[in-house]
Amino acid sequence: MNTLSARRLAIDTYQEHVAYMRHDCPVCASEGFEAQSRLQLVAADRSIIATLNVVMDNLLRTDEIGLSEAAWRALGATEGQQVAVTHPPPLTSMRHVRAKVYGHALAPAAMHEVIADVAAGRYSDLHLASFVTACAGDRLDLDETVALTRAMVDVGERLQWPGSPIVDKHCVGGLPGNRTTMIVVPIVAACGLTMPKTSSRAITSPAGTADTMETLAPVDLPLPLLRQVVERTGGCIAWGGAVRLSPADDILIRVERPLDLDSEGQLVASVLSKKLAAGSSHVLIDIPVGATAKVRTEAAARKLGDRMVRVGQAVGLHVSLAITDGSQPVGRGVGPALEAHDVLAVLRRHPAAPEDLAARSVRLAGEILELAGAAAAGTGQARARQVLESGQAWAKFQQICEAQGGLREPGRAPHRHVLTADGSGVVDAVDNRVLARSAKLAGAPKDALAGVEVHVRIGDLVEQGEPVFSLHAQSPGELAYALAYLESVPPVFHIREQE
């Protein structure tokens with residue numbers, strides 16, 4: 001068996017496993033390996049499949065194999081450890097991907113074979129890109145979407161909870177600051193329902209729920225601790241990546257995002273597979289609609305929602321829809337810590353708390369209570385509002401944070417710049433995409449304190465020179481970078497002159 005000495009090259013390849021060998025390495029010559037070959041690597045009791053990159057200089061010795069950070073962690077190697085290098089088993093499921101490329105529908109067994117190989121790391125990013133592309137647009141029919149959802153659940157962990165119903169919510173995204181989950185969970189849990197919420201980190205947005213929650217309490221919970229938190233408090237707000245729920249979805253998202261491909265079937269399977277794997281029985285889907293949101297029209301929202309409901313029925317989930325206003329950011333903060341400040345203000349019933357975030361959270365919590373039978377039809381929002389205003393939701397949130405490792409206060413960025421209105425009039429539109437991008441260029445979500453603070457809303461009267469929004473950054477360079485971007489695009493807030 002061919003073996004090479006492991007070397008950590010400290011190269012960030014995100015989640016992709018990459019190996020590096022010299023072009024004149026004897027193993028390359030004997031096995032016929034070349035750039036982009038797939039390798040099976042075994043070190044002690046661990047095995048991974050990696051993509052080969054060939055080194056043309058003296059970075060490595062001929063008896064060494066270099067490993068990217070992702071490959072190093074997955075293989076659990078130590079410096080100098082002997083690694084066995086072989087050809088991986090044939091990737092037979094690629095025949096199904098090729099069939100899909102040529103327009104053939106994938107049967108459940110074929111879909112399961114593909115997703116099992118994806119979850120096992122047998123697909124390179126090139127293979128993944130071909131599968132994502134073949135399924136993009138409307139190329140997945142209802143049966144294929146159901147098959148994809150079930151396959152994603154089958155190849156990962158699946159949580160089970162005593163009793164029923166087990167509730168959850170999901171927002172399809174595209175709306176800055178929409179951090180309702182952190183208010184909905186304590187409201188619903190305070191009403192006696194079980195809501196084990198696993199959330200994502202940001203992929204293309206300035207903050208995900210997990211990023212925002214992490215500024216207040218630990219979210220990287222191993223499965224035993226997650227179970228303990230839920231059993232003790234009735235809910236949690238944890239990072240889904242710490243538990244192996246629908247792992248193939250995380251892998252596909254890694255490739256889907258850079259390609260910027262819109263696949264309704266994959267979106268539905270992504271959302272519902274994670275809810276099913278988390279043990280949910282009743283799920284509320286929030287679909288914000290707006291000109292610069294992810295879903296642009298109500299017709300598109302109805303179409304997406306119908307597929308969510310139909311696939312949910314097929315896999316045993318009770319799915320309800322909330323089509324909401326996506327015309328402008330929710331709350332004032334955009335970025336992990338700034339959004340956390342908004343959440344705390346609402347839960348603590350601070351007089352200056354953003355009312356739109358509170359009202360949106362109450363609406364969604366009320367709909368969950370009605371969906372699960374914990375409130376009669378038409379009474380859910382009143383019940384949710386009472387729980388929030390009485391302080392019960394704040395008490396429950398503190399309990400959840402303590403169970404997850406302790407509540408802490410989020411900080412504030414040291415560098416800020418206020419942007420003002422170019423003229424006087426009424427704010428009549430907001431470009432959510434430009435606002436989100438400016439928050440990211442300021443450093444969010446990597447810098448938790450960075451982002452944007454919004455000072456006006458649609459319908460507000462503003463005077464020339466009045467503050468409209470502020471950039472927050474942890475360094476002057478990031479602040480300048482975001483400002484340079486804003487100078488190159490139309491104003492984020494459109495102000496119409498009064499007649």
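**Figure 1. Surroundings of Ala129 in helix H5 of the predicted model.** At 18% relative accessibility, Ala129 counts as buried, because the class covers residues under 20%. The residue belongs to helix H5, which spans residues 125-135. Once neighbours within four places in sequence are set aside, the contacts of Ala129 are with Val255 and Leu259. Val362 lies 233 residues from Ala129 along the chain, and the C-alpha atoms of the two residues are separated by 40 Å.

**Figure 2. Asp211 in helix H8 and its contacts.** Helix H8 comprises residues 209-214 and includes Asp211. With a relative accessible area of 10%, Asp211 is buried. Its side chain reaches the backbone nitrogen of Gly208 at a distance of 2.8 Å. Apart from neighbours within four places in sequence, Asp211 is in contact with Arg201 and Ala202, and also with Pro336 and Pro445.

**Figure 3. The open sheet of 4 strands, with helix H17 packed on it.** The strand order is E12-E15-E17-E13, and the pairing is antiparallel. The edges are formed by strand E12 (333-334) and strand E13 (415-420); each has a single partner strand, so one side of each is left without a neighbour in the sheet. Helix H17, made up of residues 432-441, packs on this sheet and touches E12, E15 and E17. The direction of H17 makes about 130 degrees with that of E15.

**Figure 4. Bridge partners of strand E15 in the sheet.** Strand E15 (residues 451-454) pairs with strand E17 (residues 467-473) in the antiparallel sense, over 4 bridges. Within this pairing, Val452 stands opposite Leu471 in E17, and Val454 has Phe469 as its bridge partner in E17. E15 also pairs with E12 in the antiparallel sense, here over 2 bridges. Val334 stands opposite Val452 in E15. Val452 thus appears in both pairings, facing Leu471 and Val334.

**Figure 5. Buried and exposed residues of helix H18.** Helix H18 (residues 476-487) contains 12 residues. From its first C-alpha to its last, H18 reaches 16 Å, close to the 16 Å expected at 1.5 Å a residue. Its buried residues are Leu479, Ala482, Leu483, Tyr485 and Leu486. Viewed down the axis of H18, these buried residues fall within an arc of 155 degrees, so they line one face of the helix. An α-helix has 3.6 residues a turn, so residues three or four places apart point the same way. The buried residues of H18 pack against E13, H17 and E17. Pro476, Tyr481 and Glu487, on the other side of H18, are exposed.

**Figure 6. Helix H15 and the elements that cover its buried residues.** In helix H15 (residues 380-389), the buried residues are Gly380, Ala384, Val387 and Leu388. Down the axis of H15 they fall within an arc of 100 degrees, so they line one face of the helix. The cover over these buried residues includes four helices: H7 (181-190), H13 (336-347), H14 (355-371) and H16 (392-404). Ala382 and Glu389 are exposed on the other side of H15. Gly391 follows H15 and has a positive phi, near 95 degrees.

**Figure 7. The open sheet of 3 strands.** The strands are arranged in the order E16-E14-E18, with antiparallel pairing. Strand E16 (461-462) and E18 stand at the edges; each has a single partner strand, so one side of each is left without a neighbour in the sheet. Strand E14 (residues 425-430) pairs with E18 in the antiparallel sense over 4 bridges. In this pairing, Val426 has Arg496 in E18 as its bridge partner.

**Figure 8. Gln498 in the segment after strand E18.** Strand E18 covers 493-496, and Gln498 is found in the segment that comes after this strand. Gln498 is exposed, with a relative accessible area of 55%. Not counting residues up to four places away in sequence, Gln498 touches Gly425, Val426 and Leu461. One of these residues, Val426, is the bridge partner of Arg496 in E18. Between Gln498 and Gly80 there is a separation of 418 residues in sequence and of 72 Å in space, C-alpha to C-alpha.

Terms used
Residues are numbered from 1 along each chain as its sequence is written. This is a predicted model: local features need pLDDT of at least 70, side-chain atom pairs count only at pLDDT 80 or more; totals for chains, interfaces and linings use all residues. Side-chain values use heavy atoms; hydrogens and water are left out. Two strands pair if DSSP finds at least two bridges between them. Contact means heavy atoms within 4.5 Å. Axes are lines fitted to C-alpha atoms, for helices over the stretch in contact, and angles run from 0 to 180 degrees between N-to-C directions. Buried means under 20% relative accessible area, exposed over 50%, partly exposed in between (1.4 Å probe, protein chains only). A polar contact is a pair of N or O atoms within 3.5 Å; within protein, one must be able to donate a hydrogen and the other to accept it, and residues adjacent in sequence count only if both atoms are side-chain atoms. The expected span of a helix is 1.5 Å times one less than its number of residues. The arc is that of the directions from the helix axis to the C-beta atoms.
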